[in-house]
Amino acid sequence: MRFPLPPSRLLGHLALAAALLAPCAAMAEPDMIYLVRHGEKAADGNDPSLTPQGRQRAQNIATMLHRAGIQAIFSSATVRTLETAKPLSASLSLPVQQYDAGRPEALVAKVKALQGPVLVVGHSNTLPELVRLFGGAPGTEIGDNEFDRVYQLVNGADGKVTTVLLTSLPATP
């Protein structure tokens, strides 16, 4: 016949279980983070929409990432970034979560608490800082007429981040 564990022994087992599970809790960070700039934008207005070329690029990005296992999509609150995120959001039935581009640390903390691949849509002047905050290497400055850069940040088991620069499919008319 077995008797319940005495309280002191039960606490010892719980402490051991917590110690064994602690590394798993620390690994909650997504294994892959994709960061893209919005597609080509119209030249007029304070918050312009995407051009037909930009909408095609957004669709190309959705095609590129459709099978990447994306679990969350984040976009700044501008029309052009939301429109860039929309095709992937629709194809995966995932909501687009808006973030404040002026508070990149808050976005990084939120993303790091997630598991699975994540997409972040931003701007030429915000993506390099986000890449740095996630532990990656942003490379050269993003030109005002550059819309095809895709950062793939791979979080290694050793805690190091590998930055892979990809190119989104060319926009076609």
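1. Which residues does T81 touch, not counting residues up to four places away in sequence? In this predicted model, T81 has its place in helix 3 and touches H38, S75, S76, V121, G122 and H123. The relative accessibility of T81 is 0%, and this residue therefore counts as buried, the cut-off for that term being under 20%.

2. Helix 3, which spans residues 79–92, also packs with helix 2, residues 52–65, and here the two axes lie 8 Å apart and make an angle of about 40°. Helix 2 and helix 3 are therefore oblique to each other, because an angle of this kind is neither under 35 degrees, which would count as roughly parallel, nor within the 65 to 115 degrees that count as roughly perpendicular. On the side of helix 2 the contact is made by A58, Q59, I61, A62 and L65, and on the side of helix 3 by E83, T84, P87 and L88. The crossing of helix 2 and helix 3 is right-handed.

3. After helix 3 comes a point of backbone geometry that a colleague may wish to look at in the structure. S93, found in the loop between helix 3 and strand 3 (96–98), has a positive phi of about 55°, although this residue is not a glycine. The relative accessible area of S93 is 66%, so this serine is exposed, the term being used for values over 50%.

4. In helix 4, residues 104–112, the buried residues are P104, L107, V108 and V111. They cover an arc of only 100° around the axis, and for that reason they are placed on the same side of helix 4. Among the elements that cover these buried residues are strand 1 (32–37), strand 2 (72–75) and strand 4 (118–122), together with helix 5 (127–133).

5. The remaining point concerns strand 5 and strand 6. Strand 5, residues 149–155, runs antiparallel to strand 6, residues 161–167, and seven bridges join the two; in one of these pairings, V154 has T162 of strand 6 as its bridge partner. The two strands form a hairpin with five residues between them, and in the turn G159 has a positive phi of about 90°. For reading such strands, it helps to recall that in a regular strand the side chains alternate between the two faces of the sheet.

Key
Residues numbered from 1 in each chain as written. Predicted model: local features only at pLDDT ≥ 70, side-chain atom pairs only at ≥ 80, totals over all residues. Heavy atoms only, no water. Helix = DSSP H or I, 4+ residues; strand = E, 2+ residues; numbered from the N terminus. Buried < 20%, exposed > 50% of the residue type's maximum accessible area, 1.4 Å probe, protein only. Arc of directions from axis to C-beta. Contact = heavy atoms within 4.5 Å. Pairing = 2+ DSSP bridges. Axes fitted to C-alpha atoms, helices over the stretch in contact; angles between N-to-C directions. Parallel < 35°, antiparallel > 145°, perpendicular 65-115°, else oblique. Left-handed = near helix turned anticlockwise from the far one by under 90°.
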